[in-house]
Amino acid sequence: MDLLVVGAGLFGLTIAERAAESGLRVTVIDRRDHLGGNAWSSVDAATGIEVHRYGSHIFHTSNERVWDYVRRFTAFTGYRHRVYSTHGGTVYPLPINLGTLNQFFGTAMGPEAARALVAGQAAEGLAGGEPTNLEDKAISLIGRPLYEAFIRDYTAKQWQTDPRELPASVIARLPVRYTYENRYFADTYEGLPAHGYGPWFEAMAAHPRIDVRLGTDFFDDAQPLSRGAVRGRVPVVYTGPVDRYFDEHAGPLGWRTLDLETETVPVRDFQGTSVMNYADLDVPYTRVHEFRHYHPEREDRHAQDRTVIMRERSRFALPGDEPYYPVATPQDRERLRTYRALAEHEPDVHFGGRLGSYLYLDMHMAIASALSLWTSGAVLERSAPALAA
Ligand code: FAD
């Protein structure tokens, strides 16, 4: 083995594939029993519906290099993501657009009138000066009525915290579209892997110089590829949590986690769309995913009397929970600085991916970041003696 990759998510798989293609013998370990990290999905045998096991994943990118790269392993469907939100017993399109505004205010405004209305409500909200918390910041951007309808309770549910107690920095901007465009992503390319996420990841790992070992934890000293066994001996690309690598020496980094509850319900179509947000506090979950809608082209293979839905709730992660979104408080950022300094001195280890860098990364960002690390030559440089031998 010339290189050990810890984590079979998209960052780890991209590095492994590039390294194997360059002639290195790569071993990939993951503590889970499947490839693909959080982007993994599997087909529910009873309904034939592909279920994204860690919540909805839609591939989107404007990065030509990433788009060219991913299509070596899978074709993509023409799926275009659209999201709706239920508030006060009415369904609105998101992100907030001209359709949302006219429906919400009961108007038939054109773009300029709508822009003036939102700007006026935002200016009224700014009366108190520089915003110091999320609520004031949001009101200064879109005004109180839209904030209270679409942001306040949804944010409170996401963070289990009153938005008046969250820092203003949690939101940088709240885009409002003054057209009827309600495609969720604005990227050039978008779609779902035509044959599912699993076959995509398997194709990436199929190189004969890649050896995958699932159910293998880097910190389990009983297995031969543990941190203790390989440290300083084999170059490592590590995509697990950076704080865990250093035994939380500077304290744990904060994450939000999701509670995802999957249910098969006895109707063909539960909500008519892939994702429905619930903006109000009377519904305890933040959104409901319905997976059949990701693949209308597979309807002849889907059960016609049942459908699979997933309710999502969000909360701060406790020890043992899956980390999903970095909280990034000032204390977290201070701790991260310490870990990054320690990482600089760790022999032959590259930290990457969303857990290794403590950054939210979409799939295309994880791939782009791995491709950059690979082309920087840093991994190959450290593995080169092995390659030459
Ligand atoms: P991960 O996919 O997390 O992979 C890291 C891997 O390391 C995991 O498999 C883990 O088991 C393994 N690991 C950790 N510790 C150890 C250890 N000690 N030993 C061995 N293995 C270990 N992106 C999009 O582009 N579109 C979307 O629609 C989208 N939706 C998302 C929805 C949710 C709810 C979330 C949380 C994320 C979403 N993402 C989406 C982002 C995407 O899931 C990933 O963040 C991205 O693919 C990053 O990949 P990664 O390889 O960095 O990390």
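In which loop does Gln160 lie? In this predicted model, Gln160 is found in the loop that runs between helix 6 (144-159) and strand 8 (189-191). Its backbone deserves attention, since Gln160 is not a glycine and yet has a positive phi of about 50 degrees. Most residues other than glycine have a negative phi, and most peptide bonds are trans. As for its surroundings, Gln160 has 11 C-beta neighbours inside 10 Å and therefore counts as exposed, the limit for that class being 12 or fewer.

Ala328 offers a second case, again a residue that is not a glycine but has a positive phi, here of about 60 degrees. Ala328 sits in the loop between strand 15 (325-326) and helix 10 (330-344), and because 18 C-beta neighbours lie inside 10 Å, Ala328 counts as partly exposed. A further backbone feature is the cis peptide bond that joins Leu94 and Pro95, with omega at about -15 degrees; Pro95 belongs to the loop between strand 7 (90-94) and helix 3 (98-105).

From these loops we turn to the interior. In soluble globular proteins, nonpolar side chains tend to be buried together. The largest nonpolar core of this model holds 59 residues, and the members that touch the most others are Val5, Ile15, Ala16 and Val26. Helix 1 (residues 10-21) gives this core its largest share, seven residues. Once the neighbours within four places in sequence are set aside, Val26 is in contact with Asp2, Leu3, Val5, Ala16, Ala19, Ala20, Arg209 and Ile210. Apart from the largest core lies another, made up of 20 residues, among them Ile96, Leu98, Leu141 and Ala279.

Helix 1 also takes part in the surroundings of the ligand, for helix 1, strand 2 (26-30), helix 11 (353-357) and helix 12 (363-376) each supply at least two residues of the shell. In total, 35 residues surround the ligand, and the closest of them are Gly7, Gly9, Gly37, Gly240 and Gly353. By residue class, the shell divides into 17 nonpolar, 12 polar and six charged residues.

One annotation can be set beside the model: an unreviewed UniProt entry lists residues 149-360 as "domain: UDP-galactopyranose mutase C-terminal". In the model, the span of residues 149-360 is 23% helix and 21% strand, and its end C-alpha atoms lie 26 Å apart.

Definitions and conventions:
Residues numbered from 1 in each chain as written. Predicted model: local features only at pLDDT ≥ 70, side-chain atom pairs only at ≥ 80, totals over all residues. Core = buried A, V, L, I, M, F, W, Y, C linked by C-beta atoms within 7 Å. Helix = DSSP H or I, 4+ residues; strand = E, 2+ residues; numbered from the N terminus. Contact = placed C-beta atoms within 7 Å. Near = placed C-beta within 6 Å. Nonpolar A, V, L, I, M, F, W, Y, C, P; charged D, E, K, R; others polar. UniProt positions renumbered as here; feature names shortened; annotations may be inferred.
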